[in-house]
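Work through these exercises with the model open. Each task is followed by its solution.

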Amino acid sequence: MVVGRGMQIDRLDLDLRARTPWEAIDLGFALLREHARAVALPWFGTGLLVLTALCALGFWLDLLVLVPWVFWWLKPAFDRIPLFVLSRAVFGRVPAQRDVWRAAWAWGWRPLWTRLLWLRFDPFRAISMPSDLLEGLPGHER
């Protein structure tokens, strides 16, 4: 198993073993239940901030009908937040909301633009986005 820089397998808060797909899904839901507050606060905070800005812009431009579509289009930007929180929580360090927002700026815009544009309809987005975000490798190394 290849271990990324800074990853300490001995600090995992879960049993590292091969799992069936159903067990893996159950583990994901259990992690989310355990850390729901840590995931929900930055996710809803960011989402409400963006939704408020979109509604104000839509009202100003008289295009409120487009707000739900634009918000849906921006969904890959919000998908990174729970992934970041749970990836840290697995190692026993649940980040605060401020830490999540600080990390969001460090993730960079280039991977986000690709996720929002030509990779928006990628059927493998749920598989490739976590590795892109957590490993942080540039395109040619990915």
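**Exercise 1.** List the residues through which helix H4 meets helix H7 in this predicted model, and sort them by character.

Solution. Start on the H4 side: Lys75, Pro76, Asp79, Arg80, Leu83, Ser87 and Arg88 make the contact. Their partners in H7 are Arg125, Met129, Pro130, Leu133 and Leu134. Now sort the residues of this contact: 6 are nonpolar, 1 is polar and 5 are charged.

**Exercise 2.** Determine how H4 and H7 are oriented to each other.

Solution. H4 spans residues 75-89 and H7 spans residues 125-135. Their axes lie 10 Å apart, at an angle of about 60°. The roughly perpendicular class runs from 65 to 115 degrees, and roughly parallel means under 35. The two helices are therefore oblique to each other. Finally, take the handedness: the crossing is right-handed.

**Exercise 3.** Find the salt bridges and place each one in its helix.

Solution. Search with a cut-off of 4 Å between side-chain nitrogen and carboxyl oxygen. The structure yields 2 salt bridges.

- Asp79 pairs with Lys75, with the closest N and O atoms 3.0 Å apart. Both lie in H4, 4 residues apart, about one turn of the helix.
- Arg102 pairs with Asp99 at 3.5 Å, N to O. Both sit in helix H5 (residues 97-107); they are 3 residues apart, so about one helical turn separates them.

**Exercise 4.** Classify Lys75, Arg102 and Asp99 as buried, partly exposed or exposed.

Solution. Exposed requires over 50% relative accessible area, and buried requires under 20%. Lys75 has 35%, so Lys75 is partly exposed. Arg102 reaches 53%, so Arg102 is exposed. Asp99 has 27%, so Asp99 is partly exposed.

How values were computed
Residues numbered from 1 in each chain as written. Predicted model: local features only at pLDDT ≥ 70, side-chain atom pairs only at ≥ 80, totals over all residues. Heavy atoms only, no water. Axes fitted to C-alpha atoms, helices over the stretch in contact; angles between N-to-C directions. Parallel < 35°, antiparallel > 145°, perpendicular 65-115°, else oblique. Left-handed = near helix turned anticlockwise from the far one by under 90°. Contact = heavy atoms within 4.5 Å. Nonpolar A, V, L, I, M, F, W, Y, C, P; charged D, E, K, R; others polar. Buried < 20%, exposed > 50% of the residue type's maximum accessible area, 1.4 Å probe, protein only.
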